[in-house]
Amino acid sequence: MKIAVLSGKGGTGKTTVSTNLAYMMNINYVDLDVEEPNGHIFLKPQIESVKDVVIPTPKIDSEKCTLCGTCVNTCQFNALVNTGKKILVFEDLCHGCGACTLACPVGAITEYDRKIGDMSIGTFDKAKFYSGKMLLNEPMAGPIITDIKKSLPKDEDFIVDCSPGTSCNVVKALDGADYALMVTEPSKFGLHDLKLAVELVRELNIPLGIVINRANEYDHLIEGFAKEENVDIIGKIPFSKEAAKMYSEGRLLIENDEIREMFEMIKISVLDVVKEGNHAISNS
Amino acid sequence: MRILLSAQGDNKESLVDQRFGRAAYYVIYDDQTNEYSSVENQGKLENSGAGVKASQFVLEQGVDCVITGSLGPKSFMIIQDAGLKGYKNFEGTVEEIIEAFKNNKLVELTNAGAEQKLRGRR
Amino acid sequence: MQLVILSGKGGTGKTTIVSCFAYLADPSSIKVDCDVDASNLHLMFNGKDIEEQAFTGSKKAIIDPNKCINCGLCSDVCRFDAIDKRESYYEVNELRCEGCNACRVVCPADAITLEEEDSGKKILTVLEDDSYLSRASLYPGADGSGKLISEIRKVSLELNKEKNKLIIIDGSPGIGCPVMSSITGVEYGLLVTEPTQSGFEDFIRAYELTKHFRVKSFVAINKYDLNYEMSEKIEEYCNEEGIKVIGKIPYDSVVNKSNFESKPLVMYNESIAGNEIKKMWDLLKIEMGV
């Protein structure tokens with residue numbers, strides 16, 4: 001079972017929901033918000049190993065290279081240039097696809113592993129913790145997300161903390177999820193971004209439910225939309241200065257009994273849907 | 001000698017462009033024939049690596065030097081590696097810049113980073 | 001003159017601050033919403049969209065099932081697992097395809113083409129005070145936002161040919177390609193952070209990036225009174241790095257109301273956070289010399 005936690009808008013409490021739920025359900029947690037991974041702050045895992053995430057990057061053998069320029073024309077990301085004297089490779093534009101290597105007519109291209117980020121693996125409480133982190137000035141999060149997903153043990157349960165928004169990085173993280181938990185907040189911004197996120201999840205045919213974070217007297221904004229779209233609101237985490245303070249100190253909110261109860265309900269609703277199969281899809 | 005300028009339009013009356021990779025046109029001046037020609041920049045619409053694509057395109061035009069506002073680090077490296085010289089333009093038309101170039105009034109672009117700084121403070 | 005407002009982390013109140021600046025700034029100023037994944041600024045103002053243009057982003061491979069000879073070479077070389085086997089041909093999984101060309105290089109039957117995909121719209125909006133807002137709306141799951149950001153910034157630069165106007169940019173969150181596109185060539189930056197562990201860590205990453213791009217940066221600590229200890233830590237860091245903390249915004253429940261009613265916070269006279277943002281804007285104007 002893979003539960004993806006996402007939010008159209010950043011800062012709505014996606015990581016709060018992911019980490020608290022993972023801790024309470026005692027299931028593995030994976031942080032795929034690789035640009036800003038924050039799950040470690042709340043779960044305080046014991047990191048057992050840190051692995052490099054690499055992508056294959058071309059290296060040109062100038063002895064063999066005939067400067068024909070086929071590689072330059074093949075590359076869709078403009079990572080290669082023919083100066084007439086040699087082929088220059090701009091690593092930070094390379095997606096590691098291998099097209100240039102395949103295209104080179106004289107076999108002058110080999111590939112080496114270039115580090116673009118790292119993956120930490122550890123444990124918290126009784127479950128496993130995975131987290132990816134992109135190196136600064138590296139523009140591509142995609143390969144890190146894919147790499148981490150490949151290293152996750154098959155047939156184990158996971159909470160997947162996605163990056164905010166609805167970009168292709170979110171799609172990569174969502175790929176293969178059994179349930180999408182949408183975290184939002186009661187504001188027009190929250191609603192606007194929630195709509196986009198719901199549209200994306202629907203397109204991918206993943207069952208979904210909404211959690212309203214920082215719930216207050218304006219919840220009806222989200223409730224109206226949920227009703228129209230026939231999506232269940234499976235939890236509300238009330239706004240309190242105390243919760244905000246706990247968060248700022250890197251503490252889990254389930255230390256508070258009232259909030260813990262809320263998370264118990266979220267858990268039951270998620271498990272209901274996942275066990276029953278895809279009944280949420282037929283609702284849509 | 002063939003001289004290439006980044007420009008906002010396609011003729012000698014056009015204003016020059018401070019940008020290199022995302023400039024709309026390149027106007028080329030040939031000092032042997034005293035003629036101007038122009039090409040549309042094939043790099044400006046690229047999703048990633050516009051400067052690199054534009055640089056490759058410029059190299060294919062068979063020119064000896066480039067006059068523009070500033071070169072990014074990648075473009076600078078490419079232009080230098082290909083043995084082309086880069087000169088800094090100022091605001092004006094293609095013709096005015098060429099005139100200044102003939103009178104040795106243009107400064108050679110030597111360091112990509114410093115040029116970016118200049119651009120940032122304009 | 002360009003000013004970009006950034007926050008490494010989402011939800012630190014960046015858009016709240018940008019909307020206040022947009023409200024306070026001279027109507028000649030141009031606004032750019034580079035937060036294209038969650039373009040929100042226009043929700044705060046009554047505006048009218050005057051221009052809309054489709055935007056093509058990344059390329060995707062397409063296999064012609066009639067030409068496909070079912071050899072499977074494309075699927076073997078694809079490093080993104082984006083090619084699935086069907087009964088008598090192969091098919092591209094659009095969501096996974098990076099548009100890299102590797103499959104086309106190896107296809108012996110010439111059955112593969114790369115085609116550009118529509119990924120969203122560029123929109124130019126005129127706000128109530130007759131000022132311009134350049135923004136975009138991406139289709140869900142679409143990408144290519146780095147290029148899109150250069151394009152919507154280009155719209156703002158074209159509106160400022162005389163270079164005498166202030167351009168206010170709502171930066172993209174994170175530290176990836178879109179952020180880089182939203183700060184390249186910008187003179188001034190305001191980094192919005194909050195006194196949380198994650199806020200602090202993300203702020204440092206965003207700050208490093210502005211340093212790399214030589215953007216002169218200032219810092220605003222939002223909700224600074226939720227965790228004094230952490231706020232002090234952030235201030236200490238800023239002192240060491242020589243960055244000016246230009247505003248400390250208190251926690252204020254009026255923010256909820258302003259979000260709900262989608263009106264800039266500075267319109268609420270009773271808002272203590274709004275008043276601090278007003279002060280901060282005045283200071284910033286002095287720093288930028290506008």
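Biologist: What share of the contacts in chain C with a separation of 6 or more is accounted for by residues 24 or more positions apart?

Modeller: In this predicted model, residues 24 or more positions apart account for 73% of those contacts in chain C, where a contact requires heavy atoms within 4.5 Å. The secondary structure of chain C comes to nine helices and eleven strands, and buried residues make up 58% of its 290 residues.

Biologist: Why is C:Cys100 called buried?

Modeller: Buried is the word for a relative accessible area under 20%, and C:Cys100 has a value of 10%, so C:Cys100 counts as buried.

Biologist: What makes A:Cys68 partly exposed?

Modeller: The relative accessibility of A:Cys68 is 45%, and because the class of partly exposed residues runs between the 20% limit for buried and the 50% limit for exposed, A:Cys68 is placed in that class.

Biologist: How many disulfides does the structure hold over all chains, and why is A:Cys68 not bonded to A:Cys104?

Modeller: There are zero disulfides over all chains. A disulfide needs two cysteine sulfur atoms within 2.5 Å, whereas the sulfur of A:Cys68 is 6.2 Å from that of A:Cys104, the closest cysteine sulfur, and is therefore too far away for a bond. C:Cys100 is likewise in no disulfide, with the nearest cysteine sulfur, that of A:Cys97, 3.8 Å away.

Biologist: How do you know that helix 1 of chain A is mostly covered?

Modeller: Eleven of the twelve residues in helix 1 of chain A are buried, among them A:Lys14, A:Val17, A:Leu21 and A:Met25. The helix spans residues 14–25 and reaches 16 Å from its first C-alpha to its last, which is close to the 16 Å expected at 1.5 Å a residue. After helix 1 comes A:Asn26, whose phi is positive, near 60°.

Biologist: Which domains is chain A divided into, and which residues does each take in?

Modeller: Domain 1 of chain A takes in 2–27 + 157–283, while domain 2 takes in 54–115. The C-alpha centres of these two domains lie 43 Å apart.

Biologist: What pLDDT does chain A have on average, and where does the value stay under 50?

Modeller: The mean pLDDT of chain A is 91, and 97% of its residues reach 70 or more. Over residues 278–284 of chain A, however, pLDDT stays under 50, and the model has nine contacts beyond four places in sequence for that stretch. Where pLDDT is low, the predicted coordinates should not be read in detail.

How values were computed
Residues are numbered from 1 along each chain as its sequence is written. Chains are lettered from A and ligands numbered from 1 in the order in which they are written. This is a predicted model: local features need pLDDT of at least 70, side-chain atom pairs count only at pLDDT 80 or more; totals for chains, interfaces and linings use all residues. Side-chain values use heavy atoms; hydrogens and water are left out. Buried means under 20% relative accessible area, exposed over 50%, partly exposed in between (1.4 Å probe, protein chains only). pLDDT is the predictor's confidence in each residue, from 0 to 100. Domain bounds come from an automatic or database domain assignment. Helices (H or I, at least four residues) and strands (E, at least two) are DSSP runs, numbered from the N terminus. The expected span of a helix is 1.5 Å times one less than its number of residues.
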